[in-house]
Amino acid sequence: MSLKFRLALVVMLLMAALVASYSLLLFGEMRERADTETQGALPWVVALLPTQVGPGTPADAERELVALMQRLQGIRHVRVTLYDPASRVLARAPLAPEHVPGWLERELPSSRAVRKAVLQGDRTVAVFEVVPATSDELAELWEDFLRSSLLVVSLSLAAATLIVWFTLRALRPVDRIRGALRDFGAGVPVQPLPEFQAPEMNDIAQAFNRMTSAIDAAQQERANLMRRLVESEERTRRTLAHDLHDELSPYLVALQPLTGLLEARCNARPELGDLADSVRTLSSYQSRILSTLREILTGLHPPELTISGLQAALEQMLVERSVGGIRPIDIDLEVEGDLSRFGPTVDVSIYRMVQECVTNAQRHCAAPHMRIAITVGDATPGARRWVQIDAANDGVTDAVATPQRRQGLGTLGMRERSIALGGTFEAGPSDGAWHVRIRLPVDAVSEDEEEAA
Ligand SMILES: Nc1ncnc2c1ncn2[C@@H]1O[C@H](COP(=O)(O)OP(=O)(O)OP(=O)(O)O)[C@@H](O)[C@H]1O
Ligand SMILES: [Mg+2]
């Protein structure tokens, strides 16, 4: 249950408790007041009723008293009944008592009747019976009670609505801050929070803004450092490859005809037979050193990248790896867009990351098939030009897909390269396949980079 809902509930419950206690109080008083008022009216009415009627026949007296009862129809708080001496009812006042809920009337103590005889001379001609009529008073009080309860309920509702509205309004910044924190945690770019009216909320928002800008700056600095690290490493590798190639390859290549000549001479002159084996060994060592040097040079910096460009280098590497890796694999490469002019650092990074994806597919599962899609996207307002690599291989077993799999250097390297280049990296199993998605921003090649290349 959200905090806002809980607060609203507490306010509503408090208001309901207020209404209930007010009603109980009023109800308790109502019974007391009704009782007091009716008991107070009774002696007065009894005192005002006549005890004697004028001379005449009993019928005259009866008529006079019934006429009096007619005039008493509007009487309140008491009920008067007129009896003849034989206890027959001659008249009642009022005829129709006020209506109150039965349960309410039952709550009141039963009232005691007072009787008063009416004489004509010294003969009793009729008897008045006066009973406290609480229902009149109760009806009035009941109406008052309903009116004031309605007022209290409406006021409480209005107060509760206002309190809830103010509370929700005051808590609105909390929603903004919570949303910003959630986005920040999920790595979504966050806009700075605005200034809020409540000073407490404003302090939190400004602290959040300071924290995010400090973290953004630190991340930017880290990415710059990593990018420079990657660039410098690649530059060193390229320089090393060029130096090795330029300084060693010519001599090793030049040795080839010489060893060939020595071999031919030894073969032609039997007296040099003891040297022939040494010359053959020399020749094989020399070929081995040359091919090892070629492997080292390719590892340091694939020469095809510089010679033929990224797409051709990738195609060549994939053909070689599909037959020459740990196990054969069928690889589909789809390229959408122009892969030229990313710059040497991005080129070599893409090359190495694709290479690692293929190695992993061959090493970690018996994947007979792999798809690699490279897409280049144009710059849009607010977003740089980008390249995306999607690599997927099937054949991933549940055992491989367990979260406890080890974190190797290959995935780490790909992630670090992607971050260093300001991009994103995702890898993992889904639907029985292993997916890798790398997205890198690519701008026009900087002059520094071209120079370094
Ligand atoms: N294509 C893939 N198919 C199935 N599982 C994979 C695939 N790629 C990576 N994995 C899983 O992810 C783990 C980490 O891969 P990563 O490349 O980081 O390390 P590694 O290949 O085991 O070792 P190395 O450090 O030599 O690359 C692997 O051990 C494997 O469990
Ligand atoms: Mg690996």
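Let me start with a turn. Strands S1 and S2 form a hairpin with five residues between them, and in that turn Ser87 has a positive phi of about 65°. Before going on, I should say that this is a predicted model.

The two strands of that hairpin pair in the antiparallel sense, over four bridges. One contact to look at on screen is Thr81, whose bridge partner in S2 is Arg92.

On to the sheet that holds the hairpin. It is an open sheet of four strands, in the order S2-S1-S4-S3, with antiparallel pairing. Strand S2, residues 89–93, and strand S3, residues 114–120, are the edge strands, each pairing on one side only. From one strand to the next the twist averages 20°.

Inside this sheet, strand S1, residues 78–83, runs antiparallel to strand S4, residues 123–132, and six bridges join them. You can follow the pairing by residue: Val78 stands opposite Pro132 in S4, and Tyr83 has Val127 of S4 as its bridge partner.

What lies across this sheet? Helix H1, residues 3–48, lies across S1, S3 and S4. The direction of H1 is at about 165° to that of S4.

Now the second sheet. This one is also open, with five strands in the order S5-S6-S7-S9-S8, and its pairing is mixed. Its edge strands are S5, residues 330–336, and S8, and each of these pairs on one side only. Neighbouring strands here are turned by 10° against each other on average, ignoring direction. Helix H10 packs on this sheet, where it touches S8 and S9, and the direction of H10 makes about 145° with that of S8.

I'll take strand S9 in some detail. On one side, S9 pairs with S7 in the antiparallel sense over nine bridges. Trp386 stands opposite Pro441 in S9, and Asp390 has Arg437 of S9 as its bridge partner. S9 also runs antiparallel to S8, with seven bridges joining the two. There, the bridge partner of Thr424 is Arg439 in S9. S8 and S9 make a hairpin with two residues between the strands, and Asp431 in that hairpin takes a positive phi near 55°.

Which side chains of S9 are buried? Trp434, Val436, Ile438 and Leu440 point to one face and are buried. Ala433, His435, Arg437, Arg439 and Pro441 point to the other face and are not buried. That fits the usual rule, since in a regular strand the side chains alternate between the two faces of the sheet.

Next, helix H10, residues 409–420. Why do its ends lie 16 Å apart? H10 has 12 residues, and at 1.5 Å a residue it should span 16 Å; the distance between its end C-alpha atoms is 16 Å, so the two agree.

The buried residues in H10 are Met414, Arg417, Ser418 and Ala420. They cover an arc of only 165° around the axis, and therefore sit on the same side of H10. Turned away from that buried side is a face with the exposed residues Leu409 and Leu412. The cover over the buried residues of H10 includes helix H5 (199–268), helix H9 (344–364), strand S8 (424–430) and strand S9 (433–441). Just after H10, Gly422 takes a positive phi of about 80°.

Last, the cores. As background, in soluble globular proteins nonpolar side chains tend to be buried together. Here the largest nonpolar core has 34 residues, and Val354, Ile389 and Ala391 touch the most other members. Helix H8 (310–324), H9, strand S6 (369–377), strand S7 (386–394), H10 and S9 each supply at least two residues of this core. Which element gives the largest share of this core? That is H9, with eight residues.

To see one member up close, go to Val354. Leaving out residues up to four places away in sequence, Val354 touches Leu314, Ile372, Ile389 and Ala391. There is also a second, separate core, of 15 residues, with Val45, Ala61, Val125 and Ala133 among them.

That is what I have for today.

Definitions and conventions: Residues numbered from 1 in each chain as written. Chains lettered and ligands numbered in written order. Predicted model: local features only at pLDDT ≥ 70, side-chain atom pairs only at ≥ 80, totals over all residues. Expected span 1.5 Å × (residues − 1). Buried ≥ 20, exposed ≤ 12 C-beta atoms within 10 Å, placed from the backbone. Arc of directions from axis to C-beta. Contact = placed C-beta atoms within 7 Å. Pairing = 2+ DSSP bridges. Axes fitted to C-alpha atoms, helices over the stretch in contact; angles between N-to-C directions. Core = buried A, V, L, I, M, F, W, Y, C linked by C-beta atoms within 7 Å.
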